Amino acid sequence: MSKDKYFIIDFDSTFTQVEALDELGAISLQNHPERSQLLDQIKEITDSAMAGQSSFSKGLTERLALLQAHQNHLPQLISRLREKVSESIRRNRDFLHQYADQIYIISSGFKEFITPIVTEYGIKEENVYANTFKVDAQGNLVGFDEANPLCLDKGKIRLLEQLALPGDVYVLGDGYTDYEIKEAGLANKFYAFTENVVRDNVVAKAEHIAPTLDEFLYQNKLPMAISYPKNRISVLLLENIHPQAVELFRHEGYQVETISGALSEEELCEKIKNVSILGIRSKTQVTRRVLEHANRLMCVGAFCIGTNQIDLNACLEAGITVFNAPYSNTRSVVELALGEILILSRNVLDKSNKMHQGKWDKSAKGSFEVRDKKLGIVGYGNIGAQLSVLAEAMGMEVYYYDVVEKLQLGNARKCHSLHELLSKADIVTLHVDGRPENKNLIGAEEFAAMKDGVIFLNLSRGHVVDIEALVQSIKSGKVSGAGVDVFPEEPATNSDPFESELCGLPNVILTPHVGGSTSEAQENIANFVPNRIMDYINSGNTYGSVNFPNLQLPELKNAHRLIHIHANVPGVLASINQVLAQNHVNILGQYLKTNERVGYVITDIDKAYDKQVVNDMKQVPHTIKFRILY
Ligand SMILES: NC(=O)c1ccc[n+]([C@@H]2O[C@H](COP(=O)([O-])OP(=O)(O)OC[C@H]3O[C@@H](n4cnc5c(N)ncnc54)[C@H](O)[C@@H]3O)[C@@H](O)[C@H]2O)c1
């Protein structure tokens, strides 16, 4: 351990998330009739002093007068502050203990509440420099020790001069008075600490910014509690992804950039550099060429269901996990399908159109209840199965057909062939996936197999229906009503025209691929995808990834987790375990899953390990990516 570096850490808004005197005011003025005005006044003075805009000693005197505090308030203050220690300080307790001889807390606050808090984190009492209260005979906190340099303007500078620390001095603080130490030539480096507050005039002057203590430790190659500061993880979100996703990533400490539209391949090749997480929707193409430019990419989040726009194999080969949101808009599609079934069964669309033209055409002809009607669901996946449950609740008799064996829900009846289903159903609704073999799954022959006057819905994928055959079936009366949300060719933007032979046909509902487009679905997606990604980054969990072997891992407890992604060739696991054995690493748990291209091995090891193991693991032949979680 090097002894020639000294770390000066500020207390208010740095070691703790709050300003202690503001908190003291909240306690001492609890029952005061002008409580909120007084607290505002105190806060104003604190902010002005912290920003270096007013005399510190004068401000301190004024604040103490306003506070009307008593020493009996201090225990409550201390327990409040204990709860508000900054997150990254809390996390890095080990560093504070290990470097205790070199860490100083220098604050213009008061020792009476600072010392009990910081010593719990290993800081030495003799390294705490702060003011002390003057207490009157009744125990009121009436002033401060005026001989202490820290109650004066430029107090921290005066103290540092007195201390004359014999080495490099690094200052970490949020206030202008912390910056002044460096300005006065008494510190080698000043880091503006922005985890709790960002003071613009301090940040503007600082040559280094530390959004967390982790970043400070990372930049200075000091031991830290996490493997990589989260503020170094940069997220690029394209295509107007819901603000909830932005919020979740920012809250995690990541740097987020958003772009409202999609990017072309060329633009993305440029933009992807240094991005760790890319979020897209359906329009951005993530090609092999884009990935060749991605030097730090760990995850791609598809904020939608489909992942055809992403080269999943190229991602896999580069060790990049891809997550999507397979269930987030299931309910929305089901609700639209149900609504259309009801509307088509009553010919509402044509009746409504006539009304708009001033025509009153009251008649029950061609109008049916859906109760007891046979609903045929083709594709009993997430959407099909959910529709089955809700349709039964409305009294429909549900039949389904799927190419794979699926659990029958409720009273739904399984059909053994598509034709069996088509011949039975009064209403046929498609919920198959978009695999290429499903092109024209429903064509002239299939329409012919349906009952006369059938109602037909496609809210799955455009290419699964032969549109020409559908048009003929509607014109011939075979199909009495249709709801179509997806088309073989869809306009790329809202300003492009939509053309189809379906336009203008009777009792046909056309919607612009909005089955899954609801606020709820957007919000669900914006929660689901970031949570999967953050879980992967924080724990290695790949559960739900569309391209990676799915591993659901236990929580990491008091261990390090080695995450190794490699090409799936024989012998890699043996090589990994050889490295671990040679380095005398104690394995607490190991999890392996492979697919045809990659192997994913997680090894939880003892806290104590030699750094050499990290280098050796990276050298294991066929390694694609390696990282360690603390
Ligand atoms: N309209 C929209 O806005 C919208 C929104 C979301 C999903 N979708 C589409 O809805 C469809 C269903 O979505 P999901 O989440 O239920 O998918 P899913 O993968 O859970 O279910 C699809 C089911 O179809 C089955 N299947 C595939 N081919 C089949 C075939 N030829 N015959 C019978 N069964 C077949 C599969 O085995 C699977 O069970 C997808 O095509 C999806 O793209 C559309």
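Two strands pair if DSSP finds at least two bridges between them. Helices (H or I, at least four residues) and strands (E, at least two) are themselves DSSP runs, numbered from the N terminus.

The model is a predicted one, in which local features need pLDDT of at least 70 and side-chain atom pairs count only at pLDDT 80 or more, while totals for chains, interfaces and linings use all residues. Residues are numbered from 1 along each chain as its sequence is written, and side-chain values use heavy atoms, with hydrogens and water left out.

A starting point is the open sheet, in which 7 strands pair in parallel in the order 16-15-14-17-18-19-20. Strand 16 (413-414) and strand 20 (508-510) are its edges, each with pairing on one side only. Strand 20 pairs with strand 19 (residues 479-484) over 3 parallel bridges. Within this pairing, valine 484 has leucine 510 of strand 20 as its bridge partner.

Helices lie on this sheet. Helix 17 packs on it and touches strand 14 (374-378), strand 17 (427-430), strand 18 (454-458), strand 19 and strand 20. The direction of helix 17 makes about 150° with that of strand 18. Helix 22 (residues 467-476) also packs on the sheet, touching strand 18, strand 19 and strand 20, and its direction makes about 140° with that of strand 19. For these angles, axes are lines fitted to C-alpha atoms, for helices over the stretch in contact, and the values run from 0 to 180 degrees between N-to-C directions.

Serine 328 sits in the loop between strand 13 (321-323) and helix 17 (330-345). Its relative accessibility is 8%, so serine 328 counts as buried (under 20% relative accessible area; exposed is over 50% and partly exposed in between, with a 1.4 Å probe and protein chains only). Apart from neighbours within four places in sequence, serine 328 is in contact (heavy atoms within 4.5 Å) with Ala521, Asn524, Ile525 and Phe528.

Further along the chain is helix 24 (residues 572-582), whose buried residues are Val572, Ile576, Val579 and Leu580. These residues are on the same side of helix 24 because they cover an arc of only 95° around the axis, the arc being that of the directions from the helix axis to the C-beta atoms. Ala574, Ala581 and Gln582 are exposed on the other side of helix 24. The buried residues of helix 24 pack against strand 21, strand 22 (587-594), strand 23 and helix 25 (612-619). After helix 24 comes histidine 584, with a positive phi near 55°.

Strands 21 and 23 also appear among the salt bridges (a side-chain nitrogen of Lys or Arg within 4 Å of a carboxyl oxygen of Asp or Glu). Arginine 561 forms one with aspartate 604, with the closest N and O atoms 2.7 Å apart. This pair links distant parts of the chain, 43 residues apart: arginine 561 is in strand 21 (residues 560-567) and aspartate 604 in strand 23 (residues 598-605). Arginine 561 is buried at 0% relative accessibility, and aspartate 604 is buried at 8%.

Another salt bridge joins arginine 288 to glutamate 317, with 3.0 Å between the closest N and O atoms. Arginine 288 lies in helix 15 (residues 288-292) and glutamate 317 in helix 16 (residues 312-317), so the pair ties together parts 29 residues apart in sequence. Arginine 288 is partly exposed at 39%, and glutamate 317 is partly exposed at 34%. The structure holds 33 salt bridges, and a network of them links Glu19, Lys43, Asp47, Asp174 and Arg199.
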